[in-house]
Structures are given as C-alpha cells and as structure tokens.
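Hi,

Here is the structure we talked about, ready for you to open. Have a look at it first, and then read on for what turned up.

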Amino acid sequence: MEQRRLRIAILGGTGAQGSGLALRLSAAGHELTIGSRDATRAGITAAQLSARVGKAIAGSDNRAAAAAAEIVILTVPYAVQRATVENVLDVLQGKMLVDSTVPLVPPKVGMVQLPEGQSAVAAIQQLAGDAVRVVSAFQNVSAQHLNELGHEVDCDVLVCGDDRVACDTVIGLCADIGLGAFYAGAIRNSAAAEALTSVLITINRRYKVAGAGIRITGLE
C-alpha cells in the first residue's frame, strides 16, 4: 500500500529535537513546516534543513504552521509548552497534537520533577479538550541521533494517548523514520516517559555517552 503523504507542522522546529524530526519525516516523504515564534528564524532553519535533506521544508510562525497542518508536533521547552498550545489552540481543533514535552526544570535536569506528580502532556489534553487528540511521544529519543540522517537510531518510542487511532498514526510515523514504537497506555501514562528522560540524562552523564535510549524486549 502506498504511504500517505501527511502535512506535518513542528512547533519549536528550530530546536535540535524539532529539526531532527523534521529531517527524518521529510526524508520519509511527508510535507513539513517548521514553526517558531519568530517566522524569520523558522524560515532560515527550514532553508538549512531543506538543503540537507534535498526536499522542500517550509517555515512560518507557529499559528500559520499549525493552521496548515493535519498533524502538529510540539517540541518546545516545558517552560513555554502551555503558552505555545494556548496560542494555537483554536487552529488545533479537530487535529492531532503530538507532544514531546519533558518537564525538565534547570539546573536539576537529571532529577525527575513531574508537575504535581502528574504528566505534563496529560495536562495539555485537559487544556485542549476532546476536540484535539493529544498523543505523547518522542520524549526519550536523542536529538543528536535524530539529526544524523545516516545514523540508525537505536531506541524505541513510548506512545501514550486516549485515542487509539491517533496513537496508531504516531506509531506509523515512527516506523516511517526507522523507529520502533509501542502503545504504552492512556495519556496519563506519559508521566513514565517524561520521567525516563531525566533518568537517561543521568545515564548520559555518568557513562559519558551522547544519547542513551530504551528498548522494549520480550515481544516477537
């Protein structure tokens, strides 16, 4: 079956994780737009990524990017997660929002600091309401590895959400870019993936590696 080409916007796409996802999704055949609070910066980043991948990647402000997309991926720091979603919430209605946010609180990024003991992504589902299908994914994937197009990313992705069809779509996107992905339960379970990021940061520091990841074993 021929792969469907999806229109995907990455808000916060000028950062390392967003850029890496944009590169790989564009290489897989999807239509990408880089979103940023600064449209000029988004355009510059999009041009750089286009030159690397050999395909056209657009750049615009977050609202325009989200409005034109079928699927929106959020890759902004936790400090601006809620404000970014609030700014585009009206144009997210009826769409899928893939949130990769990790509640890291500098300088103690190696320490788990979940907001009130709950998931940062689940809080966005509560904010957005049922008209936006929020899926949690990509928290535990090294941005450095994503940005190395010729490098196979040796880790799996935990995908959480209350809409199973939306979760399956994200699992398909992961497969498109060579990542294993597994449904990991309801959106509240995202707290586990978010907490794992601080664990992986600690492992990176202790063992002097660039991007430790996780693997799900025991499945055929």
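Below are my notes on salt bridges, one serine and its strands, and the cysteines.

One thing to keep in mind throughout: this is a predicted model.

**Salt bridges**

Searching the whole structure turns up 7 salt bridges. As background, side chains of opposite charge can pair when their charged atoms come close.

Let me start with one inside a helix. Arg82 and Glu86 form a salt bridge through their side chains, at 3.3 Å from N to O. Both residues belong to helix α4 (residues 81-92), where they sit 4 residues apart, about one turn of the helix. Arg82 is partly exposed, at 43% relative accessibility, and Glu86 is partly exposed too, at 45%.

Then there is Arg215, which has a salt bridge to Asp154 and another to Asp156. With Asp154, the N to O distance is 2.7 Å. Asp154 is in the loop between α6 (143-146) and β7 (156-161), while Arg215 is in the segment after α8 (190-207), so this pair ties together parts that are 61 residues apart in sequence. With Asp156, the closest N and O atoms of the salt bridge are 2.6 Å apart. That pair also links distant parts of the chain, as Asp156 is in strand β7 and Arg215 in the segment after α8, 59 residues away.

Are these three residues buried or exposed? Asp154 counts as exposed, with 54% relative accessibility. Arg215 is partly exposed at 42%. Asp156, on the other hand, is buried, with a relative accessible area of 4%.

Elsewhere, a network of salt bridges links Arg4, Arg7 and Glu70.

**Ser136 and its strands**

Next, take a look at Ser136, in strand β6 (residues 133-136). Ser136 is buried, and its relative accessible area is 0%. Its side chain makes a polar contact with the side chain of Gln139, at 2.8 Å. If you set aside neighbours within four places in sequence, the residues in contact with Ser136 are Asp99, Val121, Leu158, Val159, Cys160, Ile187 and Ser190.

How does β6 pair with the strands β5 and β7? With strand β5 (residues 96-99), β6 pairs in the parallel sense over 4 bridges. One of the bridge partners there is Arg133 in β6, which is matched with Met96. With β7, the pairing of β6 is antiparallel and runs over 2 bridges. On that side, Ser136 stands opposite Cys160 in β7, and Cys160 is also among the contacts of Ser136 listed above.

**Cysteines**

How many disulfides does the structure hold? The count is 0.

Why is Cys155 not bonded to Cys174? Cys174 has the closest cysteine sulfur to that of Cys155, but the gap is 9.3 Å, which is too far for a bond; a disulfide needs the two sulfur atoms within 2.5 Å. Cys155 itself is buried, at 3% relative accessibility.

It is a similar story for Cys167. The closest cysteine sulfur is in Cys160, 7.3 Å from the sulfur of Cys167, and that is too far for a bond. Cys167 is buried as well, with a relative accessible area of 0%.

If you want a place to begin in the viewer, try Arg215 with Asp154 and Asp156, and then move on to Ser136 in β6.

Cheers

Methods: Residues numbered from 1 in each chain as written. Predicted model: local features only at pLDDT ≥ 70, side-chain atom pairs only at ≥ 80, totals over all residues. Heavy atoms only, no water. Salt bridge = Lys/Arg side-chain N within 4 Å of Asp/Glu carboxyl O. Buried < 20%, exposed > 50% of the residue type's maximum accessible area, 1.4 Å probe, protein only. Polar contact = N/O pair within 3.5 Å; in protein donor to acceptor, adjacent residues only side chain to side chain. Contact = heavy atoms within 4.5 Å. Pairing = 2+ DSSP bridges.
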